[in-house]
Amino acid sequence: AIDFVMEYLKLDFPSALKLLAARAGITLVERAERREAPDEREAVALANRLALRFYRRSLAGDDAATARDEIVRRGFPDAIVESFQLGYAPDRRDALQQNLKAAERHARESGSTPPPPLVAFTAAGLVRDSRSGGGPVDLLRHRLVFPILDEFGRCIAFGGRKLRAEDEPKYLNSPESPIFHKSRSLYGIHAAKRAIIERGTAIVTEGYTDVIACHAAGVTNAVATLGTALTREHARVLRRLCTTVVLLFDGDDAGMRAADRAVEVFMAEPVDVKICTLPDGEDPDDTLRRPDGKARFDAAIAAAVPALEYLVRRHAREYRGKDGLSARQQSLESLLRRLADLGFASMNGVRRGFVLASLSDLTGLSVREIEKAMPAPARRAAEAGEEVATVSSAPSADEDSIPPQLRRAERDLLALLLGFPELVRETVAVEDGHRLPVLEAIAPSSLASAIHRDILDAIAIVADRGRLPVPAETLGECRDTAARRLVGELGLAGVARARDLAEARSLLAEAVTGLDAARRRDRFRRGEDVQGETTAAPPSDATPELAGAVDRLRRLKERGPDVAAVPRVAGTGPPSSRRATG
């Protein structure tokens, strides 16, 4: 049921779980790192809701004429103003705070539920301490207000555009809060979600007015990042909804840097990123106001260039401008180093193949030549066909060929991390007596099972956000259905293994050691340890039979070729009847 809701409504796991729980009448209890966190989040959400109502009412006031004129000047229709819930922040230092006091008086007189305290508005970034003293002041004053809504239409933050020339900055945004994170929030996602799903493409612009201009012109699959370049978090949000992301930006230096970042996202996430620059360096608002603006806009989107191709073309212009073979070689090597830095070696094998083919088409070099020119670490990974941290974790065809002991060792480790998420902050012993954080010592790429790699990658993603990878959050980051199903089972198994966190820490060290031993046994089983220049040694926990076999192999290797030996050729009958050669 959860998988169905996630796929049909394009929700992440926590959202799907909450929706189904509400329909079934089940109360969910959030396991939070801090016990006060759920209450703090709810208080900030309430503060945002109260502020939203206040700003929207203020837009109809006598002192909001300048804000209404700005809306008319930009040609925003009433339906768009309503859909995006535009508002106005009055030109007073404490207008929102006075509204809060009025709400508190009303609650006391009527016996209704009181509004959240002022501290919640401070946590939301709506009120802050004055730099010049004199008590707290409202963040937004005399500004056209753009509420930032999540995909369900809940207000999580605000942006304000100046209405006076002397006011700076031009745009002022809420700081991050317990419910607002710029790196994964998208302006307009509440209005664009359905169109993005239907069209399979999201258009990412640079600002609030660009998004609104697009929607007013019928381009309803447009969203905007909030003062940041497209991040992997944004890509993870969008990949649930579509397969292609088109980035709109100016062709200046900032735009070039955005393209570099887009290539990084393309390398790391299974979503196609394209780059679009509008004619004459215009922004979407400017283009769409022209009489033929919609046609020009649609043509530019259709001509969008894949992010990787955009990067290569830029380097190709530099390459052609170089004099001499050496200079051109350096230019090409610079591009390949850039791709290596962006994580070429960590791409899924199939996706990496597409990149190599694209580079071959664009440069005229063969795939083999490009692989040879790739910086050493990336080239070795490409030749070995490794699937590392960012690989899409669909079960591989040889999943069943993983030895049971190795599979069990990997699951023991994952079970502890999911059962006791605090363990992600622990360090474990590695070679030479050093200690590393567990998520650095055990990389997803080092696990034999693609399903296990998906789970460990999801754990690392949650941990990177500064949160504990509890199963509910980890499950939402898994890309494969089999991995999602396994997370809950492993979490329960981990909790059952230890009485408390102290015992879990001890078991973690044992799990890491056990995994290392299982890997060595597997390498020995596959003959990898006896093919090099060094003499293979049996694992420390090897059985007597295995240790004896290793010793016999060692003695045979030390003896070297036996000149008295007579090789056999294929045939039947006793050895004496066969012909000898060599």
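1. A reader new to this structure might begin with Gln85, which is found in the loop between helix 5 (78–83) and strand 1 (87–89). The model is predicted, and in it the phi of Gln85 is near 55 degrees, a positive value in a residue other than glycine. With a relative accessible area of 17%, Gln85 falls under the 20% limit and therefore counts as buried.

2. A second residue to look at for its backbone is His142, which has a positive phi of about 50 degrees although it is not a glycine. The loop that holds His142 runs between strand 3 (136–138) and strand 4 (143–149). At 7% relative accessibility, His142 counts as buried.

3. The backbone also deserves attention at Pro169, since the peptide bond from Glu168 to Pro169 is cis, with omega near 0 degrees. Pro169 has its place in the loop between strand 5 (155–162) and strand 6 (171–173).

4. For the overall picture, the protein contains 25 helices and 13 strands, and of its 582 residues buried ones make up 44%. Among the contacts in the protein with a separation of 6 or more, 65% are accounted for by residues 24 or more positions apart. The protein exposes about 29,700 Å², of which carbon and sulfur atoms supply 51%.

5. Helix 23 (residues 481–497) allows a simple check of geometry. Its 17 residues, at 1.5 Å a residue, should span 24 Å, and because the C-alpha atoms at its ends are 25 Å apart, the expected and modelled values agree.

6. Which residues of helix 23 are buried? They are Ala483, Arg484, Leu486, Val487, Leu490, Gly491 and Gly494. As for their surroundings, the buried residues of helix 23 pack against helix 1 (2–9), helix 19 (404–419), helix 21 (450–464) and helix 22 (471–477).

7. On the cysteines, a disulfide would need a pair of cysteine sulfur atoms within 2.5 Å, and by this rule the count comes to zero disulfides. Two cysteines can be described further: Cys242 is buried, with a relative accessible area of 7%, and Cys276 is also buried, with a relative accessible area of 1%.

8. Is Ala303 buried or exposed? With a relative accessible area of 52%, a value over the 50% limit, Ala303 is exposed. Ala303 lies in the loop between helix 13 (293–302) and strand 11 (305–306). Its C-alpha atom is separated by 9.2 Å from that of Thr277, a residue 26 residues apart from Ala303 along the chain.

9. The last point concerns empty space inside the model. Rolling a probe the size of a water molecule over the atoms shows where empty space is left. For cavities of 30 Å³ or more, the count comes to two, and the largest cavity holds about 60 Å³ of space. Ten residues line this largest cavity, and the closest to its centre are Glu206, Leu248, Phe249, Asp283 and Pro284.

10. Some places are worth revisiting in the structure above. Gln85 and His142 can be viewed together, since Gln85 has a positive phi without being a glycine and His142 likewise has a positive phi although it is not a glycine. The cis peptide bond from Glu168 to Pro169 can then be inspected, followed by helix 23, whose buried residues include Leu486 and Leu490.

Notes
Residues numbered from 1 in each chain as written. Predicted model: local features only at pLDDT ≥ 70, side-chain atom pairs only at ≥ 80, totals over all residues. Heavy atoms only, no water. Helix = DSSP H or I, 4+ residues; strand = E, 2+ residues; numbered from the N terminus. Buried < 20%, exposed > 50% of the residue type's maximum accessible area, 1.4 Å probe, protein only. Contact = heavy atoms within 4.5 Å. Areas by Shrake-Rupley, 256 points an atom, 1.4 Å probe, with all protein chains shown as cover. Expected span 1.5 Å × (residues − 1). 1 Å grid on protein atoms, 1.4 Å probe; cavity = no way out; pocket = protein on both sides within 12 Å on 5 of 7 lines; lining within 4 Å. Points joined across faces, edges and corners; volume = space filled by probe spheres on them.
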